[in-house]
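Please work through the exercises below with the sequence and the model open side by side. Each one sets a task and then solves it step by step.

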Amino acid sequence: EPYLYRSIAKVYLDDYTGAEEDATECLERNPFIATAYQVRGIARQNLKDYDGAIEDFLKGLKIQPENKVFLRSLGVSYALKDDFAKADSCFDSFVRIFPSEPSAYITRAQLKMEMNDSIQALANLNKAIDLDKSSSYAFGLRGMILEGQENHSEALKDLDMAIKLDPEQSAYYINRGLIKYNVNDLRGALADYDQAIQIDPQSVISLYNRGLLRAQIGDRNRAISDFSAVLELEPDNTFASYN
């Protein structure tokens with residue numbers, strides 16, 4: 001157990017090599033501790049050892065066949081390997097075993113997006129939101145799919161809801177700013193970029209997008225300030241240099 005707890009702590013510290021080593025020490029002493037396979041699998045996933053992670057998650061599922069974390073993580077590992085068929089099968093099992101679990105549909109929606117199947121991604125997010133209307137992530141993700149389909153009004157409603165549920169998530173303001181820009185609400189887009197930067201002052205995409213927008217409306221001095229801020233964070237950003 002001390003090896004297990006130390007491996008968990010190392011995952012939180014982003015020391016994935018150390019976490020893997022400690023989880024291995026734990027399993028050498030007791031190969032039936034399912035959590036150790038989970039921790040080592042997560043560590044290996046972050047170390048891009050997807051085959052090793054898959055092996056751990058499969059071993060964990062032998063001990064706990066209906067463990068949500070193992071099912072989800074196994075599917076993610078297959079997806080990271082670009083083995084979408086096996087990933088899809090994992091998420092189908094996840095949904096079949098836990099038909100009332102919103103995260104099962106959200107995770108499957110993410111996979112469908114990787115597979116460029118926006119129709120199925122949207123269907124899964126609709127189901128997730130039907131089950132849980134408090135998931136800001138589901139609304140945010142669905143909003144961007146709808147925006148990709150040029151359904152600006154519904155996309156905007158979803159991003160409004162995502163922000164209402166989680167007003168401290170800068171990505172939602174960035175994405176809503178993009179939607180507002182696409183419907184020619186430049187003032188609204190600028191306000192959203194301002195809010196995103198207030199939440200995360202080092203957000204390169206927020207600074208860059210605001211710089212572009214300020215340049216477009218003729219606020220060139222402040223546009224230069226934004227592009228300069230981008231270059232402080234990313235000195236090799238050629239687009240910021242050009243603009």
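## Exercise 1: The nonpolar cores

Task: find which residues have the most contacts inside the largest nonpolar core.

Solution. The largest nonpolar core of this predicted model has 55 residues, and those with the most contacts inside it are Leu 74 and Leu 125. Taking Leu 125 as the example, and leaving out residues up to four places away in sequence, one finds that Leu 125 touches Ile 106, Ala 109, Ala 138, Leu 141, Arg 142 and Ile 145. There is also a second, separate core, which has 8 residues, among them Leu 207, Tyr 208, Ala 223 and Val 230. As background, nonpolar side chains tend to be buried together in soluble globular proteins.

## Exercise 2: The chain as a whole

Task: state how many helices and strands the chain has, and what share of its residues is buried.

Solution. Begin with the secondary structure, which comes to 15 helices and 0 strands. Next, consider the extent of the chain, whose C-alpha trace spans about 65 × 40 × 30 Å along its principal axes. Of the 243 residues, 46% are buried, while the accessible surface comes to about 13,100 Å², with 50% of it belonging to carbon and sulfur atoms. Finally, among the contacts between residues at least 6 apart in sequence, 40% join residues at least 24 apart.

## Exercise 3: The two sides of helix α1

Task: work out which residues of α1 are buried, and which exposed residues are carried by the face turned away from them.

Solution. In helix α1, which covers residues 2-12, the buried residues are Leu 4, Ser 7, Lys 10 and Val 11. Viewed down the axis of α1, these buried residues fall within an arc of 125°, and therefore they line one face of the helix. The face turned away from this buried side carries the exposed residues Pro 2, Tyr 5 and Tyr 12. As for what covers the buried residues of α1, the cover includes α2 (16-29) and α3 (34-46).

## Exercise 4: Positive phi outside glycine

Task: locate Asp 14 and Asn 116, and decide whether Asp 14 and Asn 116 are buried or exposed.

Solution. The background is that most residues other than glycine have a negative phi. Asp 14, although not a glycine, has a positive phi of about 65°, and it is found in the loop between α1 and α2. Since the relative accessible area of Asp 14 is 53%, Asp 14 is exposed, the cut-off being over 50%. Asn 116 is likewise not a glycine and has a positive phi of about 60°; it is found in the loop between α7 and α8 (118-131). With a relative accessibility of 72%, Asn 116 also counts as exposed.

## Exercise 5: Length and burial of helix α6

Task: check what span is expected for helix α6 against the distance between its end C-alpha atoms, and list which of its residues are buried.

Solution. Helix α6 has 14 residues (84-97), which at 1.5 Å a residue should span 20 Å, and its end C-alpha atoms are 20 Å apart, so the two values agree. The buried residues of α6 are Ala 87, Asp 88, Cys 90, Phe 91, Ser 93, Phe 94 and Val 95. Their cover includes α5 and α7 (102-114). Cys 90 has a relative accessibility of 10% and therefore counts as buried, as does Cys 26 at 3%. The count of disulfides in the model comes to 0.

## Exercise 6: Two buried residues and their contacts

Task: determine what Ser 73 touches and what Leu 61 is in contact with, leaving aside neighbours up to four places away in sequence.

Solution. Ser 73 is found in helix α5 (residues 68-80), and its relative accessible area of 11% makes it buried. The residues that Ser 73 touches are Gln 45 and Phe 57. Leu 61 is found in helix α4 (residues 50-63) and is buried, with a relative accessible area of 14%. Its contacts are with Asn 67, Phe 70, Leu 71 and Leu 74, and Leu 74 is one of the residues with the most contacts inside the largest nonpolar core.

How values were computed
Residues numbered from 1 in each chain as written. Predicted model: local features only at pLDDT ≥ 70, side-chain atom pairs only at ≥ 80, totals over all residues. Heavy atoms only, no water. Buried < 20%, exposed > 50% of the residue type's maximum accessible area, 1.4 Å probe, protein only. Helix = DSSP H or I, 4+ residues; strand = E, 2+ residues; numbered from the N terminus. Arc of directions from axis to C-beta. Contact = heavy atoms within 4.5 Å. Core = buried A, V, L, I, M, F, W, Y, C linked by side-chain atoms within 4.5 Å. Disulfide = S-S within 2.5 Å. Areas by Shrake-Rupley, 256 points an atom, 1.4 Å probe, with all protein chains shown as cover. Expected span 1.5 Å × (residues − 1).
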